[in-house]
Structures are given as structure tokens and as C-alpha cells.
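Trainee: I am new to this structure and would like a close look at one part of it. Could you walk me through a salt bridge and the residues around it?

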Amino acid sequence: MSQVQARFFTENKKYLIDDVPFSIPAASEVTDLSAVINKLLEAKNGHESVQLCVVCVCLQEDVVEIEYVEKFTAPQPEECIMHDDWISSVEADSEWILTGSYDKTARIWSMEGKAVMTVAGHTDVVKDVAWVKRDGLSSLLLSASLDQTIMLWEWNSERNKVKARHCCRGHAGSVDTVAVDPTRTKFCSGSWDKMLKIWSAESNEMMPRKKQKTEQMGLTRTPLMTFSGHNEAVSSVLWMDAEELCSASWDHTIRLWDAETGGQKNAITGSKVFNCISYSPLCRRLASGTTDRHVRLWDPRSKDGSLVLLSLTSHNGWVTAVRWSPSHEHQLVSGSLDNVVKLWDTRSCKAPLYDLAAHEDKVMCVDWTENGLILSGGADNKLYTYRYSACVSDAGA
Amino acid sequence: MRPTHSGTMSKLKNKKRNLEENADEQLPIFDKDGGKDGHLDDGDEDQGDLSDSEESVFSGLEESGSDSDDEEEEEDGSEEKSSDVEEDKAADGDGDDQLSAKEVIEPQTDGQHSKEKKKKKKAAGKEGGEESVASDRDSGLQISSQVDEYEHDTSDEEDIRNTVGNIPMEWYKDYPHIGYDLEGKKIFKPIRNKDELDEFLDKMENPDYWRTVQDKMTGADIRLSDEQVDLVHRLQQGKFGDVNFNEYEPAIDFFSNEVMIHPVTNRPQDKRSFIPSLIEKEKVGKLVHAIKMGWIKPHRPKETTPQYYDLWAKEDPNSILGRHKMHIPAPKMKLPGHEESYNPPPEYLMSEEERLAWEQQDPEYRKLSFLPQKFACLRAVPAYSRFIHERFERCLDLYLCPRQRKMRVNVNPEDLIPKLPKPKDLQPFPTTQSLVYRGHSSLVRSISISPSGQWLVSGSDDCTVRFWEVSTARCLKTVEVGGAVKGVAWNPNPSICLVAVSYDDTVVLLNPGLGDRLVCTATDQLISSYEEPEEVKDQPVQWAVAEGEGHEQGHRLILKHPKAVRQVTWHGKGDYLACVMPDNGNSLQVVIHQVSKRRTQNPFRKNKGLVQCVSFHPIRPYFFVATQRYVRVYNLIKQELTKKLMANCKWISSMAIHPGGDNVICGSYDCRLAWFDLDLSTKPYKVLRHHKKALRSVAYHRHYPLFASGSDDGNVIVCHGMVYNDLLQNPLIVPVKVLKGHTITHDLGVLDVTFHPTQPWVFSSGADGTVCLFT
């Protein structure tokens, strides 16, 4: 059996070993390499054995340079929350899970999968939901619907009462996406009518209540600002920071907007319809899911914005949802129409880290919370949650 | 001859003189003699005179050499001449005869004197030979020159024996005279009155009869002298007239092969032999000019080589030909091997079996054309019997060898296919199945997409119409109708939200309530705001407003047709709706409804053939009606037939109009798709036969240069169909993708195809109850 010269290196100081080339069998597998490194680590400082995975292999002057990182344990499935209809959207914060469903309701769930609240009021499918903010026991949340409205609800978790605060009217098509700005005072919505609208997220109780109907549906609110520029339906919108908006559209573009002035700052042109985008402030990259099978990474700051930095190819259907890890700059999760949720590390673009193949139908939405919970909902009416331990340890470190 | 001549001359003169004398004085004598001889007398005298002189001459001739004779004669002649001159003078002097007689005598003495002198000289000449003769001549010449040499020079004169000159003598045949003398008197011929007897007597008596001839010029008889007779004899014998002429004298070669130091002649060379000739120069100049002008072509040197064609003449291995790629060298002869030796090594000799095998083998297939043989010595080798045969075969080899490598036309079948751009370069076009819209329980006959591209409607045989969200394949609405849905059509006007659904003999206009709420309510208002016109026209179609449960489901208007409606299609503005009711009865197959006025028109009183489908022109007021074999294009404003497209297929199933309006595609049940360019021809610009089974549906994309066809074989074929604005450029049609996604159910595959209005996506509905989205 032939031997190759290999040098191991890592960026993690905790698992540093001597920078000496080793001769290892050419047919070594990841586990063999892991065993080698573990032995070295044990000999060095008596460290307890850790799972390592080889991330990057590069060849330099007959010496194979192998980068190793700590192996993340697979996401552990936690809950499977059944819905009555397709789950169109999900957003979780540290305590509660908010889902939008095709049964025209939004639902609030506890982390344990217990149905806490059903927010009903829309006359059509709820397409997107978002938490606005939480003040103690009361929370503000948003739901966007096919009935062309966005409802701002106030939910009191102690009394478990939900109240429609505002009904945001102004879109001429189904509202497919909402995003709350980092200051939690505004939110932006994107609609099939090609418009982006910015609304105030303040819950104003001082407004006089005129009619019973408005009492029920909440006060009608009009947009603060409207951004027009897309030629097709807006499929996804997000805030990059307090002043900058990013929107993805069916017209094959991702546009960056100045939220203050309403001007378009930049446009990234792709070749296919964009279904979803996600932005990671950690690595300053945009991830996009398109109607071809790729998750593409873009640099929103680059002027020649059409340049694809990286293309993650493993899905077999449209990528309907992507979400960056809030805590890890290299990891993201994507959901696709091929029923699979994939966990990616952008350092290995050839294959995902994990395939989360729990869904039986199209995956419509994914989310990743700060505390390491991955959520995915789909057309099989199920919301799966996964605990991703590596995030915890990373967060700890 | 000259001396004799001059002799005769002198005789003539004498005669003249005699005649004069006769005429003057001797007439009596003449008379005296006349009794006996008559006028012969004169002649006699004349004869005598003549004979005298002649006798003397001839005697002289006989006596001695001719030269001396000549001399004598000459002398005589000169003597006579001189006397003649005397006489002439006398004659000139006229009257004084005596004087003249004296004068006559005197020269005679002179003459005698000179005669004697000459005789002396003659003797000396005989002794002295030639030299003396020459001097004699000279002296003679001198004498004659003394007289007058031009007086008797007769070189350029005629024969002057008479005075008439050189005229035919027969002119004077009947006259007694010939010519006239100087005094105008007749010169009489000698009287010839001899009869036969006289002749005979003369012949008998006269010994000179044989040598007597008549002079025709004068008519006188002349007795030829011996010399003359001899001359006649000589001439008759073919000899030279001159006796002394030696024809066999030794020849002297002036021009011999020997090179002399002196020129043959002493003549100095001409000047012209030293200077170039001007004439030649001029001539050469003319030729040069003619050659320059091309009038004269210097003829090429004649081919002296024999005229046979040496096939391998240019065979030179080092030549450029030899190195040339395509060149074929002459076949080489096999080099002799050991087996050809007269004494080959034993391994080359054939064994007995080999020899038998060789003999049995066909000569063509023999490896060796001869049997190797061994001889003791070279002397024992016999003549090679196959020599000529081998040479002949070698010649055949050279003659039949291909001289040129013939380029086979290697036609690659793929080269014959027109070069089409690669499908990869024609993106975007749908490539993969992305979404499947499941829900129908029976075959989906028709689909249509909303103008915004957000919703899709499908009509199925399970008597339902389903509305789908395109992006998620979510069925948002299901509307039940009272029969198997044959056709659905979403109103193309974005400000109207209406879907026409046909089932059985009914067309229902549905308001699905999807999309902009405002639009939906506006549509409802539009329909409800209709006011019945005053006069109700009798219409073939009954319009009814849906109520109750149907209205809840979205039914708005119900149109009851007299026959089963197979297809519904909207005009681009969204107000007119055309319905097809195929019927062999040829009447009322197509109706056009105006929704806003709830009016129905029957555009054709009579349809030719079974109408398969109809379509409105996207821009212009044209109406396309496809029957089984033809597509007729009607101008709706002028109400006339504009064009008739011949599809060249058996049964048209479907038709689609390019959004530009100038191109039409027709799908047919015999697996063809015909592309018509309306500007080009009424025949198909291109016919595609990509499907294995009948085509059910064709569709154009509204923006992208794409068209698709769905077939019973379960495939959707997407083609790139680029229509150029340039009228000169024909559409580019490239099949780009075969999309498979439907399972064949009841021998039916894809029933309808339609494109997304904005994305390069194609929907197909199948007999398996699904609708597929290919992106």
C-alpha cells in the first residue's frame, strides 16, 4: 500500500498539533485520519478524544495538506409539529416558534412543540410571518398573506391573547415576504405586485377606535415608503442593516436598496428566478435559492454584482428556502422542493454536511435560531426542529 | 554565215545593177535571147554571175581551209561592196553613165590589186598559222572600217533580199513581181513557166538539179553550193554546222575544289558587299513590326519526337511530384531474390509437394510465377520462356496503374444536416421537471395560465376546474362543473379576472377570485353592471347569469351552446371569446361572444370542413380557423378570407400564433408540427417530425423564442423558434429539449401545453391527471 506525505493543520488552537509531515496510507479514510490526529492530540496533552472531520485537502509539493476541524455532531431531530395545512413560513426566537400556514392562520408554538396560539384573521393563505419584538410578556408579530395584507398582531403570552393591532393594506398582490428591520421599528414587505413597501412596526394603541370592524381587524396602516424597480414578483426581502434593504425577485435580480432614500444601490443579476435570499452579517455574504438546483453565494458589496462567489449544488429541485447560521460564518441551511433540507459548510461546496431528509413533501421554509435550533416546514404539514449541538459549543467558545 | 550573207548581199546589188543595165541598154539583147530562153537570159546571166561567184567561193573552199576561204570571200565581199558603193554613187549622180563606168572600173582595179595582195598574204598565212590569220582579220576589219561599217551592218536588219520586208510571201503569189524598187518600179519575179516536161528535162540534164532550190523571197532558183549542201547534210545528221567545232574539247575547270590564292575573276568587289543593305533592313523591319503586332507568329519548331504517350515519362522520385502527397509513383518491379538465381540455396528450391501445390494453384494466386530451378552452371540456363509474358504484364502494370489518387467524396451524414446552434447556446429554455400539480383524478384536457403568471387553471375530465399557485403547486381552488372540462382559457386581459371553461355544450365564465382583489371585484362589477338591451336579438347561444351555489363557486356567466364546445379562446383584449363546436354539418361551428355586451356572433354562415380550433391574431383583426387540413385566415374587419395555409398533414389538432403574429405553428395527429411563415408562403416553412405519436397541443412563448408541442407519446418537445425582425431572415428553428414527465394513460400522453407568460417555463397537462411544470 502506497504512502503519502500529509501535513495536518487547523485554525482551532485547541486542537493544534505539530506541523510535521506524516506518512499515512494513501487509502486512508476520514475516520483513519481522525484516529491519527486523536492519537497525536492524546500524546500531546492528554486531551479527550474528539470527532474530527477533514474539511479541506490541498496538494502542495508532494505533501498533502489536510485541514481538520472539529466534527459537528449531526443535527438531532427534536420535534415534529403537525399542522393542518402546508407550512409556508416559520420563524423562531429563543422561546417561541411562529409559523404561517396555508390554512390562513399563523400559529405560535412552544419550543417543545406545544401549540400555544392560533392567530387567525387573514382571509387567505398566510405566506410569511415574522416576530417584531418582545416586551416582557407581550410580543408583536407580523403575518403576510395572499389576501394582499400584512397584519401586525400583539400577543400576550401570559394571558395567551392575540390582538390584531394593524392591518397593512396597500399591496396589489399577494404579500409573499416580510422582514423586520434591526431596530425593530419598521418592517419591509415584498409582494407579487413587484413592489417593496416599508411600514412602521410600532403598535400604536393611541389611535382612536372608530368601528367594530377595525377593532377586529386592527387599524388600517398605509406604507411609509414604496420601492418599485423589480419587473417581476418580489419573492424575498431582508434587511442587511438598518439602512439597507435587499430584495430578491422573479425577474432574476437581487436588488439592494437604500431604506432611507428609497434608491436602488446595487443589482445582482442571476439567470434564474430567485426564491429566497439570506444574509449573514458574519461573513457578509448573500445566499440565494433559485429555481435551478443551486444555492449561490454573492457578495452584495461588489460592484460587479453578477459574480457568483460560490455555488452549492446538491439539491434536485428548486431551492425554496435558505438561512445562514446566525452564529457560524460558514454554515447555512437550505430547503428544497426535493423534500430535503441540507446543512452546508461553505468551505466544502461539493457536498453538504448533512442531509435532513425528514420531509415527505416540498420544503417551503427553514429557520435557524440563535440558540442552535434548525426548523423546517413543508408541504407535508410538518414542522421539524433539529438541535444542532455544534452551534452550542461554538457559541460557548 | 556572215561572209555568205554578205556574199548574197553583193549578188543582190549586182543583180540590181544588171537589171538597171538590162532595163537601159540590154533590152534588145533581152529580146534577142527571148526567142530561145525568153527571159531566162537574164536569169542565166544572173545565174552565171551567181554561179561564177559561187564557184569561186566553193572552189576556194575546196582548195584550202575554210579560214582562208572566208578571207577570200570577205575580200570579195568587201570588193563588191566597194564596187556597190561606186555604183550607188553613179546612180546618185544620175545621167553620167560613163563617169560611173570609169569609176566602176577603177575600184575593180583596186579590187584586183588588193586581191593579189591578199593572195600573197594567203600564202604567208598558210605558213604563219593562226597569228597571220588574226592579223589578216584585223587588216580586213580595218579595211571594212575604212569603208563604212554601219553601211552593211545587218545585225538588226531584216532579210533584205527583197524590198517588201518580212511579210507573208503568198501575198505576192498572184503577182508577177515582189515589191518595188527605189524608183517605184516593180521588181519582177523571175519568170517561171517551166512545165512538167521542162522540169523533167531539167532534171535529166541538169546535174545540179538536186541542189537547186527556189528562194521564196525572190522567187528565184538557187543552186546550193557544195558547202551549203554539206551544211545541210551535217544538220540533217544532227551535227554541228561548223566543221571545225570540236564538241569534245577538254573542259577547263575554273571553279575547282582547290583553293586558289587569287580570285577567279579580277573584278573588284562591289561596294554593296561592304555596307548593309537598306532594302533588307526595310524588309526585316517590316517583319519585326508584324511579329510585334502579332500579325506573324513564329511557328513553333516541329515536333520531331514520335507521337506516343509515355505514361510514366515524368517519373522522377526527386521531383516535386515525387514528394507531393497525392502522387502515386509507378509500381516498382519486384527485386530479384534468391529464388530467381540459377543456383539458388536449397531452401528456395521447392520440394515435390510444394511443386505439386504450385502447379495446382491458379496462376493468379501463385506466390511465385516460376519454379525456382537449380543449374550446374550459368551456361546450362535455358532461355526464359516467360520473358515476353512478363514484359507484357509489366507494361500492363504500368498502364493500368492508377495515376492519381481519386478523392472519394466522403460525405459525412452529419455534415448534410444544417448547422444548428447548440441548444446550450439557446438558453434559457425549460430543461427539468420542477413541480407536479397533483389533484385531478382524471385526464387534464386543458390548462391555462393567468396573465400575471401566478396562477394556473386546469380543466379535467373529473368535472372539476382547479386553480393552482404556480410557484408551489398548491391547489388553491377547485370548482366543480357539470361535465368533463374540454377547455379552459384565462382571460388575457390583466384587468379582468375571468376564466372561460367549456364542458359539454356549456361555456362558463368563472371568476376565480385570485390575484388582485380589486381586479376581481371590478370584474364582478363589470358583469353585474350589464344592462339588458331594449330589443333582444335572437342569438344562437343563451346567456345566463350564474346564481346561488354556482355563484359562490365563482360562476358568473353561463353560455348554453347548441352543440358541445370543444375549445374556447380569448381575444387578446379579453372581451371576445371564440368557441369551437366541431360538427360535420358545416354550420355553426364557430361562434364569437362579446362578453361585455353578452352578444354572440356566428361569423361563418358555412364552414368548409370540420373546424378543429380557432385563434385570434394577437395584434391584427385576423381570425385563424383550422380545419382538418387547412388553416384559413380571415380578416374580421373586411370579412374576407385572407389566406389559406396548407398544412400538408392529415388532421390538424392544434394551432398557435406567434406573438408577433406572422408565424403559425400547427400540430397534427400525424405526428407533424408545421411552422408557417405567413410572409413567406402558404405552405409550411418547416415541418418537424420529432414526436412519435399524435400531437395534441402546441404553444408559443409570449416573450422567449420558444415553442413547445405535447404529444401522445408523453413528451413535450421544446424548440427554439427565433423570429427575426429582419424580413429577409427566416425563422431559426432548433429543437432544444425533450421533456418527459407524464405517464401514458389510455394511450394518451400530453394533452395540453402552455408557457409561463414571463418565465421560460412550460406547463403540460397529461392524461395521468397531473400538470407538470418544466423549468
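Mentor: Happy to! Let us begin with R696(B), which is partly exposed at a relative accessibility of 27%. Please keep in mind as we go that this is a predicted model.

The partner to look for is D712(B), whose side chain meets that of R696(B) in a salt bridge, with 2.9 Å from N to O. Where do R696(B) and D712(B) sit in chain B? R696(B) belongs to strand β27, which covers residues 695-700. D712(B) is found in the loop between β28 (706-711) and β29 (715-722). The two are 16 residues apart, and the pair links distant parts of the chain.

Is D712(B) buried or exposed? D712(B) has 6% relative accessibility, so it counts as buried, because buried means under 20% relative accessible area. R696(B), at 27%, is above that cut-off and therefore counts as partly exposed. This salt bridge thus has one buried end, D712(B), and one partly exposed end, R696(B).

Chain B also has salt bridges that share partners: D208(B), R211(B), R223(B) and D226(B) are joined by them into one network.

For another pair in chain B, turn to K563(B) and D583(B), whose side chains form a salt bridge at 2.9 Å, N to O. Here both residues lie in loops: K563(B) between β14 (555-560) and β15 (567-570), and D583(B) between β16 (576-580) and β17 (590-594). They are 20 residues apart, and this pair too links distant parts of the chain. D583(B) is partly exposed, with a relative accessible area of 24%.

Chain A offers a further example, in which K342(A) forms a salt bridge with D355(A) and the closest N and O atoms are 3.3 Å apart. K342(A) lies in strand β29 (residues 341-345) and D355(A) in strand β30 (residues 354-356), so the pair ties together parts that are 13 residues apart in sequence. K342(A) is buried, at 4% relative accessibility, whereas D355(A) is partly exposed at 44%.

To set that last pair in its surroundings, chain A has 3 helices and 33 strands. Of its 397 residues, 56% are buried. Chain A exposes about 16700 Å², and carbon and sulfur atoms supply 49% of that area. Among its contacts between residues at least 6 apart in sequence, 45% join residues at least 24 apart. Over all chains, the structure holds 31 salt bridges, and the R696(B) and D712(B) pair we started from is one of the salt bridges described here.

Notes
Residues numbered from 1 in each chain as written. Chains lettered and ligands numbered in written order. Predicted model: local features only at pLDDT ≥ 70, side-chain atom pairs only at ≥ 80, totals over all residues. Heavy atoms only, no water. Helix = DSSP H or I, 4+ residues; strand = E, 2+ residues; numbered from the N terminus. Buried < 20%, exposed > 50% of the residue type's maximum accessible area, 1.4 Å probe, protein only. Contact = heavy atoms within 4.5 Å. Areas by Shrake-Rupley, 256 points an atom, 1.4 Å probe, with all protein chains shown as cover. Salt bridge = Lys/Arg side-chain N within 4 Å of Asp/Glu carboxyl O.
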